[in-house]
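Notebook open, structure loaded. I'm jotting down what I look up as I go.

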Amino acid sequence: MAKVLVFDLGGTLMQYVGMPYSWVSFYHQGVREISRRYGCSVSEEAMGKTVQMLEDFNPRVHYREIEYSAEYIFARALEHWHLEVPVKDCVEAFWSGLGLKAEIYPDTIPVLSSLRKRGYRIAALTDLPSAMPDEIFKRDISALPDYLDEYVSSAVCGYRKPNCKGLQMIAEKFEVPAAELVFIGDEEKDRQTARNAGCRFIPIRRTGAAGEDIRDLYGLESRYFPEIML
């Protein structure tokens, strides 16, 4: 039995309430917050160019596996503003302007706690929202790290799913073959990531037609790990 369980985060253990898979429709809101906070005299055309550049970097619009840092993306997207404000401050203003609300699903912590008590090692592998720094994402999921033995984001491993570099890093951390991992996620790219690593995949679908997928983490315990039901 595999002892290392790897969980996707967004749509699996948590969500940003009300946000779609692609966030491009919210980019104007964040860009305007940069302009407002720092009193920037930039035209609508200049802000529109920034939004377009952010969209060009969004992997749900233009596929990519290589990860770019938020500072790199925003330095490119704001270059024509000729700002004296540090890029890091602009990044913080942008994400503050989106007014995101992170929610840990109510079954997440009880089940992760149960699994760890029964000897499972728990890891998380997540793609960060495009151009979001790891520190902002970690702040939003601050209730989770105590229940994780390892956290790997696309910023940490340098690649986005379905590239399996993150799973390989987790396998190396726990000194097990990647094939012995079990990856739990809600998207097709999660399934493909597991396939690329040669490990087992368990799908979860919290909304919509579930089919054979589990609806929540209690379903994970009852269907796949009945010996450790709560």
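Which residue follows α1, and what is the sign of its phi? I find G39 there, with a positive phi near 60°. Before going further, a note on what I have: this is a predicted model, where local features need pLDDT of at least 70 and side-chain atom pairs count only at pLDDT 80 or more, while totals for chains, interfaces and linings use all residues. Residues are numbered from 1 along each chain as its sequence is written, and side-chain values use heavy atoms, with hydrogens and water left out.

**Helix α1**

Helices and strands here are DSSP runs numbered from the N terminus (H or I, at least four residues, for helices; E, at least two, for strands). I looked up burial in α1, residues 27-37, and got Y27, G30, V31, E33, I34 and S35 as buried. My cut-offs: buried is under 20% relative accessible area, exposed is over 50%, and partly exposed is in between, with a 1.4 Å probe and protein chains only. A reminder to self: an α-helix has 3.6 residues a turn, so residues three or four places apart point the same way. The cover over the buried residues of α1 includes α2 (44-57), α3 and α4.

**The sheet**

Next I traced the sheet. Its 5 strands run in the order β5-β4-β1-β6-β7, and the sheet is open with parallel pairing. β5 (150-153) and β7 (200-203) are at the edges with a single partner strand each, so one side of each has no neighbour in the sheet. From one strand to the next I get an average twist of 20°. Two strands count as paired if DSSP finds at least two bridges between them.

Going through the pairs:
- β1 (residues 4-7) and β6 (residues 182-185) pair in the parallel sense over 3 bridges, and F7 has I184 as its bridge partner in β6.
- β1 and β4 are also parallel, over 4 bridges, with A123 in β4 as the bridge partner of V6.
- β4 and β5 pair in parallel over 4 bridges, and L125 stands opposite V152 in β5.

How much of β4 is buried? I count 5 of its 6 residues as buried, so β4 is largely enclosed by the rest of the structure.

Two helices lie across this sheet. α9 (residues 188-197) lies across β4 (121-126), β6 and β7, at about 165° to β7. α10 (residues 217-224) lies across β1, β6 and β7, at about 125° to β7. Axes are lines fitted to C-alpha atoms, for helices over the stretch in contact, and the angles run from 0 to 180 degrees between N-to-C directions.

**R160 and its loop**

I went to R160, in the loop between α7 (154-157) and α8 (165-174). Is R160 buried or exposed? Its relative accessibility is 6%, so I log R160 as buried. A polar atom of its side chain sits 2.9 Å from the backbone oxygen of L128. That is a polar contact: a pair of N or O atoms within 3.5 Å, where within protein one must be able to donate a hydrogen and the other to accept it, and residues adjacent in sequence count only if both atoms are side-chain atoms. Skipping neighbours within four places in sequence, R160 contacts P59, R64, E65, I66, E67, D127, L128 and S154. Contact means heavy atoms within 4.5 Å.

P162 is in the loop between α7 and α8, and the K161 to P162 peptide bond is cis, omega near 15°.

**Backbone oddities**

Most residues other than glycine have a negative phi, and most peptide bonds are trans. I flagged two residues against that background.

H82 has phi near 55°, positive in a non-glycine residue. H82 is in the loop between α3 (70-77) and α4 (87-97), and at 69% relative accessibility I call H82 exposed.

A131 has a positive phi near 70°, again in a residue other than glycine. A131 is in the loop between β4 and α6 (134-140), and is buried at a relative accessible area of 7%.

**Last look: R215**

R215 is in the loop between β7 and α10. At a relative accessible area of 40%, R215 is partly exposed. R215 and T12 are 203 residues apart in sequence, yet 9.7 Å apart in space, C-alpha to C-alpha.
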